[in-house]
Structures are given as structure tokens and as C-alpha cells.
Amino acid sequence: MTNLKEIKVGLLGLGTVGGGVAKIMHDHAQKMSDTEGISYKVAKIFVRDIEKSRAKHPGLPEEITLTTDFNDVINDPEIDIVVEVLGGTSFAADCIEAALRAGKHIVTANKDLIAIERGQKLIQYAADNQLDFLYEAAVAGGIPILNSLRTSLASDKLSSVSGIVNGTTNYILTKMYEQERNFDEVLAEAQALGLAEADPSGDVDGFDAARKMVILTKMAFGVSVDLDKIPVKGIRHVKSRDIQVADQLGYVIKLIGTASFKKGTVYASVAPTLVPKTHPLSTVRNEMNAVFTSGAATGEMMFYGPGAGELPTGAMVVSDIMAIGQHIETQTTGHAFANYSQEATWREAENIESVGFFHFVTEDKQGQFLKLVKIFDDAKVSLDKVFQEPKHEAHNAEIVVVTHEMSQAQLAQIQSAAQNSDELSLVSYYAVMADAK
């Protein structure tokens, strides 16, 4: 093909994802132009150190200009699209704002920015000024879940979206389950392999997953939720013994982010959850991600793939670049990526119901079981399974209780009663995910 329209791209950052974007756009240039009828070219990249960046990416074409001044990228009149892959929020937001004011379309993989108020204001500014602002790679890395929600599932009414959206925690829980190892040991291994940061708090405490659930909730239901409202519980306190007991009862423990829409109300949460072994999410191993949707028309679907990585995430960034290229060609830029919107109120705790898994330790003597049952009876919660584990200590008994559905208010009552008991100790609690239909 001759006389192809050329779209020039500037990158802010040349780390893992930025390197993947540059590599894909160079190696797959012919396929991209044959598919789109448009030529795409990385023109400039903002980096912290030019020499180190060249050394780290020896295959980077020499014709790509590296600069240590981000203004060189933002203010270049030939650059159409600016790709932000810096990470963080403040500096990244400043760069994006400057690029938008310079008339550039934006692609980012920055879920931290998208999930907060400033990110939403920048997205609105782009739409108001007929500029595209796309962020497919901000959730689940190499899985095209946001575009699937935006296009393929646009005609459906979704009632829930849930999944494993953090690869670090899924790797840790997989190894704890399959190799019967403890959290600290597997976390250290994940850090050595580069799967966990030196400060792993964002991942293991559930905050990374919570930010992604903010984005998924907007995409799935057209509802903006405040990140601070989402109850978040990480995996630091998941015990090997809990994993073993869950296994005996037919469950696998996964860090699950979930959001649901029901009768004009929305709710989202992140927590370690018991997933039935018959559910597709139970089979997601190591650092892989998966998102499970439930809709009135499509029923249940699962989207599965790598949640991170240079090339998988880079491929989703490049797909956004190509989408903007088509919008530029057809003069249809400026439509908000998450353009579906509806009103909803936050569902209160007394209206949230789930099955519960409780692990108690009590002194092994007559009458303790009746005291345990009374706690649930007082909360008006019925029991589905009661399982007494083999003794690990001479004078203690370990009892596992799986309930029928109960509200968050009933859960709080049970936890409070156990905390105030001198003879019963609640070792751990997990919500139990409903099986797939």
C-alpha cells in the first residue's frame, strides 16, 4: 500500500510496558499498516537516562529520538498520540494534562490515575476537547476486558463482574496452595522473581485490585464509585492451614475483586475468597488474571490471560493507539472510552449477602459446641456445614463452619460475639463465592 496516512506517537516512559510498546510497534509495523491502512511510528520517547535506556533496549531503532525533557514529546507538533507509561499519579497526571492542552490524544496503562478524581477530570477534559483518552491496559494487563465490556457486551445488562485482577497475589496464593508453603516464604520468592515489588503493599493488601474494580464498575455498569468506599482486605493473613481446610471442603482461596449492580444499587469489594473448585476462576494459576461476567443476555463468561508483562500489556496499549488512529482517520475522536452512565446508590451492608466460612479455635471440653451454635443462632444465621479438624494441640478443638447466605450486618454480629467470648476464638473468616451456574 502506498501513501499511507502516518500517525506519530510519543512515549512518556521506557520501562517494562514502554519497552513492550516500542518493540511491538517496530516488529509488527507491517501487520498494523496492512490491517488499518495507516502507518504508525514511535517518534520520541521521554526517559530519565538516555544512555541507560539505549543499553536496556538494544533493539530500539536509532531513528527514535530519546529525550530527558518530557516537553520535547508533548510539544512536538508532529506527534498525534502521547502514551503515558510512567506509573505513579502526580507527575503522570501533570504530563497528561500538559499533553491534552497541547492537543494530543492520550493512551495510558495507569490504573492508579484512572481510579482517582483527577484522572476522571482529565478524561472529561479530553472528551470536552474532542480528544481520545484510552486505557485498556489499566485493568488485567493483556486481557482486552474493557473493550469487551464497551463493545461486545454493550447490548447486555450485566449484573456482576468479578475476578482475579492482581497477578502477584494470585502467584502467592497458588504456591501456598500447591506447595503448602507460608505467605512470607512465597512473597520473598515472588520478589526475587520480579513478580512483587520491594514494597508489596499495593498488591498484597488489595489496593491494586481495588483501583481496577473502580474502573471495571464504571465500564460494566456505567457507575462511578468512590475508591474509599470499597471494602478492601488483602492476603497477608491468609494461613496455610486455612488453605488446606478450604481444599478439603472443595474450595480454593483467591483474592477476588467483585462488583454487582442490583435494582439501582451498586457494590464492590476486594477480599480473599473461597472459590468452589467447580468455578472457572478456581483454575486460574500463578500470575494469570481472569474476569468473570454475568449478564442477562450472555449469561456467564470468563476472560482469561496474562495480567501483566512487557508484551501482553504493550499489545493492549498498541490496540488503543490503533483505535485512536482509526478515529483520527474518520474524524470521530472525542468520545469517552467509558461513555455509558447511569445513576446508582451504594448498597448498604445490611443488603449485602454472602455465604461465610468461619474457622474457630476453642478449648476441647463439653459444652463449647453449643456456645458456638448459639452465636450463629443469635444472629439468625443458619449453618450449611460444620467440620471439626483433627487435633493439632492437645487441649484445643478447631471447628470450621460454613453458613448459608447472611448479611454483612449478621457477619458483624457474629464477629463481635466471637471477639467478646472468653472461650471461643475466631481464627479467620472468608466469604464464599457462589458457584457458576
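User: What order do the strands of the open sheet have?
Analyst: Keep in mind that we're looking at a predicted model. The sheet is open and has 6 strands, with parallel pairing. At its edges sit strand S3 (65-67) and S6, each pairing on one side only. Reading across, the order is S3-S2-S1-S4-S5-S6.

User: Which residue in S5 stands opposite glutamate 84?
Analyst: Let's look at two strands of that sheet. Strand S4 (residues 81-84) and strand S5 (residues 105-108) run parallel and are joined by 4 bridges. Across from glutamate 84, in S5, you'll find threonine 108.

User: How far apart are the end C-alpha atoms of helix H7, and why does that agree with its 12 residues?
Analyst: Helix H7 covers residues 117-128, and we count 1.5 Å a residue. The expected span uses one less than the number of residues. That gives 16 Å for H7, so the model agrees with it: the end C-alpha atoms are apart by 16 Å.

User: Within what arc do the buried residues of H7 fall, seen down the axis?
Analyst: Start with who's buried in H7: Gly119, Leu122, Ile123, Ala126 and Ala127. Looking down the axis, these buried residues line one face of the helix, because they fall within an arc of 140°.

User: Which residues are exposed on the other side of H7?
Analyst: The buried residues of H7 are covered by parts that include helix H5 (90-101), helix H6 (111-114) and strand S6 (133-134). Flip to the other side of H7 and the exposed residues are Glu117, Lys121 and Asp128.

User: Is glutamine 130 buried or partly exposed, and what is its relative accessible area?
Analyst: Glutamine 130 comes just after H7, in the loop between H7 and S6. Its phi is positive, about 60°, although it's not a glycine. Buried would need under 20%, and exposed over 50%. Glutamine 130 lands in between, so it's partly exposed, at 48%.

User: What is the relative accessibility of alanine 140?
Analyst: Here's another residue that isn't a glycine but has a positive phi of about 60°. Alanine 140 sits in the loop between S6 and helix H8 (145-152). It counts as buried because its relative accessibility is 1%.

User: With which side chain does the side chain of threonine 168 make a polar contact?
Analyst: Threonine 168 belongs to helix H9 (residues 167-179) and is buried, with a relative accessible area of 8%. Leaving aside neighbours within four places in sequence, threonine 168 touches Leu195, Ala196 and Asp203. The polar contact, at 3.4 Å, is with the side chain of aspartate 203.

User: How many residues apart are aspartate 208 and lysine 111?
Analyst: The whole structure has 20 salt bridges, and one of them joins the side chains of aspartate 208 and lysine 111 (2.9 Å, N to O). This pair links distant parts of the chain, with aspartate 208 in helix H12 (residues 207-221) and lysine 111 in helix H6, and the separation is 97 residues.

User: What is the relative accessibility of arginine 236?
Analyst: Arginine 236 forms a salt bridge with aspartate 205, where the closest N and O atoms are 2.7 Å apart. Arginine 236 lies in the loop between H12 and helix H13 (240-248), and aspartate 205 in the loop between helix H11 (201-204) and H12, so the pair ties together parts 31 residues apart in sequence. Arginine 236 counts as partly exposed, at 34%.

Technical notes
Residues are numbered from 1 along each chain as its sequence is written. This is a predicted model: local features need pLDDT of at least 70, side-chain atom pairs count only at pLDDT 80 or more; totals for chains, interfaces and linings use all residues. Side-chain values use heavy atoms; hydrogens and water are left out. Buried means under 20% relative accessible area, exposed over 50%, partly exposed in between (1.4 Å probe, protein chains only). The arc is that of the directions from the helix axis to the C-beta atoms. Contact means heavy atoms within 4.5 Å. Two strands pair if DSSP finds at least two bridges between them. A polar contact is a pair of N or O atoms within 3.5 Å; within protein, one must be able to donate a hydrogen and the other to accept it, and residues adjacent in sequence count only if both atoms are side-chain atoms. A salt bridge is a side-chain nitrogen of Lys or Arg within 4 Å of a carboxyl oxygen of Asp or Glu.
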